[in-house]
Amino acid sequence: MLNRRTLLKSFCWSLALAQAKPWNFSGAAESGEELRIWDQHSHLGSVPGDTPEERMALLVKCMDRMGVERLILSQGYSADQHPNPAEQFRLENDRVMRAVKAFPDRAYGSVYLTPALRDFSMQELNRCMRDGPMVMIGEVEAEARCNVPEMDPIAEWAAANEVVILQHEWLKTGGNEPGESSPFDVIELARRHPKLQIVCAHTGGNWEPAIRAIRDTRNVYAGLAGSDPTSGFVEMAVRELGAERVIYGSDVGGRSFASQIAKVEGANIPESDKKLILGGNLRRLLTPMLRRKGYKV
Amino acid sequence: MIIDTNVYLSRWPFRHLEGDEPAKLVAKLRKRNVVEAWAGSFDGMLHRDLASVNIRLAQDCRTYGQGILVPFGSVNPKLPDWREDVRRCQEEHKMPGIRLHPNYHGYSLDDPLFAELLKLATARRLIVQLALCMEDVRTQPALMRVPAVDITPLAEVVKTTPDLRLELLNCTSNISVEQYRAALAAADVSAEISMVDGIAGLARLVQEIPLQRVLFGSYYPFFYFESALFKMQESGLDEASQKAICEDNARRLMGPAANATL
């Protein structure tokens, strides 16, 4: 694993640029500690390559350049926003498991399912997580909003097994797509299941109203992934929610590690908060499942 | 060393930005080793007294710039006597270029006024920066939704203006690669990287368009500055390519004559 010093050297194409220390998490560098970036939100989609292994290999190359230690990978790489039920979900989960198997020290898998196919989804949970290698649920995205009653058995299973759910949601100006969740749907589900830990994948995209919306529902977390790196996002999230409820993710391959890590590194917040957001919080949430499976935390 | 071709001064109308005080902005840029930053004004989007916008921009660049801020004035060809704004930008404020916001000023790129503006700017040896969007349409305030500029007519328009130097800012992914490629092939058109995203997006961009036309742009302070910087790192480009994007290509676009006046 690269440390920050190595990363800095890797970007020293000129002495002047090296002196500017473009990539230096100052607090960690000063203390000599290694910053461990874990990315909660990544996909194989939009990544060049013909197989899951080839796509994952490119992701690992970019992870090394950016100092990302580990990914939570989900959804495979179909571009279909409305996957053909059952077979397509199963295929995408298989693709993720192949990619993780090829790079077991760099990624964990997260199971793709939908409340629109409740019985199938419960079977897939058992196949991929209870009996398989996956450690998280989501990004749940397709076909139905997350406040539907069919989501309850999935949420109950997650709460009972201390498993985190990554839930796609947006709060688009002009309205969401049919079946697309909003932060308000996430809150509704979270309030029905107070022991559930659930992450808003995009914190609305429109993060100012979304942060306000989730503020009082303490089992809901703000995910940073998959939106433009607009200044102020992380500062507001930390101010209103506390750093413990803010979680870095990138949404690669449609986004880059660069633009999404920049939200944290560019934010005017304490270094200790950056460490929580870039990995500490996720490791804390995943610890029960990782320990049960005998994985490294 | 970095030449950042896309920063803004003044206030974003809908949000406080950490770097919207010019002294803070310059401190941040210097910390990140920016030696020159081409600065427009957020006021240029919505204000109608653009002459005063440009006066303030030039003053702020002089007062706070510490030699690195280079003003690019705003021009709106839909305003009466806009040609006088072009003249003042060049003759009075000694600006090397102008920055346009067609989607906020209500004209399309096949409007004859746009073609005339390009010709006038070129005759005065001004660089033209064309901002294609200012914010993801999905996150804009509901009362002010502004779609990205439609660049379909651009390739034809730029062909009619020999010696034009044009830079596209905020190259949103809502516009297709084919459209960008057509525009860049038609004349001396460049593009900056602030809105280029996707895994190793920059490395993939330089496979799509000539490296010599790609410039560093952060869109700071609307975006976190580090976004553009880290894209260089994620790209895995060799040192010569990184230097071309961060410095050499901007110097070529600016040209020796204009450099000498700064």
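How many residues of chain B are in contact with chain A, and how many residues of chain A do they meet? Keep that in mind as you open the viewer, and remember throughout that this is a predicted model.

**Stop 1: where the chains meet**

Color the two chains separately and look at where they touch. You should find 34 residues of chain B in contact with 38 residues of chain A. On the chain B side, select residues 226-235, which is helix H10, and residues 239-254, which is helix H11; each of these supplies at least two residues of the side that touches chain A. H10(B) gives the largest share of that side, with seven residues. Now color the touching residues of chain B by class: 12 are nonpolar, 10 are polar and 12 are charged.

**Stop 2: a helix pair in chain B**

Stay with H10(B) and add residues 201-208 of chain B, which form helix H9. The axes of H9(B) and H10(B) are 7 Å apart, and the helices pack at an angle of about 75°. Angles of 65 to 115 degrees count as roughly perpendicular, and this pair is therefore placed in that class. To see the contact itself, show side chains for B:Gly201, B:Leu202 and B:Ala203 on H9(B), then for B:Lys231, B:Met232 and B:Ser235 on H10(B). By class, the residues of this contact are three nonpolar, two polar and one charged.

**Stop 3: chain A as a whole**

Hide chain B and switch chain A to cartoon. You are looking at 12 helices and eight strands. Chain A has 297 residues, and 53% of them are buried. Take the contacts in chain A between residues at least 6 apart in sequence: 70% of these join residues at least 24 apart.

**Stop 4: the sheet**

Next, pick out the strands of chain A. Eight of them form an open sheet with parallel pairing, and the order is S1-S2-S3-S4-S5-S6-S7-S8. Select 37-42 for S1 and 246-247 for S8: these two strands of chain A stand at the edges with a single partner strand each, so one side of each has no neighbour in the sheet.

Move inward to S4 (residues 136-140) and S5 (residues 165-167) of chain A, which run parallel and are joined by three bridges. Zoom in on A:Ile137 and you will see A:Ile165 of S5(A) opposite. Then bring up residues 183-192 of chain A, helix H8, which packs on the sheet and touches S5, S6 (198-200) and S7 (220-223). The direction of H8(A) makes about 170° with that of S6(A).

**Stop 5: a crossing in chain A**

Now select residues 52-66 (H4) and 87-102 (H5) of chain A; their axes come within 8 Å and cross at roughly 55°. That angle makes H4(A) oblique to H5(A). The crossing is right-handed. For the side chains, show A:Pro52, A:Glu53, A:Arg55 and A:Met56 from H4(A), which meet A:Arg95, A:Arg98, A:Ala99 and A:Ala102 from H5(A). This contact has four nonpolar and four charged residues, with no polar ones.

**Stop 6: one glutamate**

Last, center on A:Glu235, which sits in helix H10 of chain A, residues 233-241. Is A:Glu235 buried or partly exposed? A:Glu235 has 17 C-beta neighbours inside 10 Å, so this residue counts as partly exposed. Leaving aside residues up to four places away in sequence, A:Glu235 touches A:Ala267, A:Asn268 and A:Ile269. Finally, draw a C-alpha to C-alpha distance from A:Glu235 to A:Pro83: the two are 36 Å apart in space and 152 residues apart in sequence.

Key
Residues numbered from 1 in each chain as written. Chains lettered and ligands numbered in written order. Predicted model: local features only at pLDDT ≥ 70, side-chain atom pairs only at ≥ 80, totals over all residues. Contact = placed C-beta atoms within 7 Å. Helix = DSSP H or I, 4+ residues; strand = E, 2+ residues; numbered from the N terminus. Nonpolar A, V, L, I, M, F, W, Y, C, P; charged D, E, K, R; others polar. Axes fitted to C-alpha atoms, helices over the stretch in contact; angles between N-to-C directions. Parallel < 35°, antiparallel > 145°, perpendicular 65-115°, else oblique. Left-handed = near helix turned anticlockwise from the far one by under 90°. Buried ≥ 20, exposed ≤ 12 C-beta atoms within 10 Å, placed from the backbone. Pairing = 2+ DSSP bridges.
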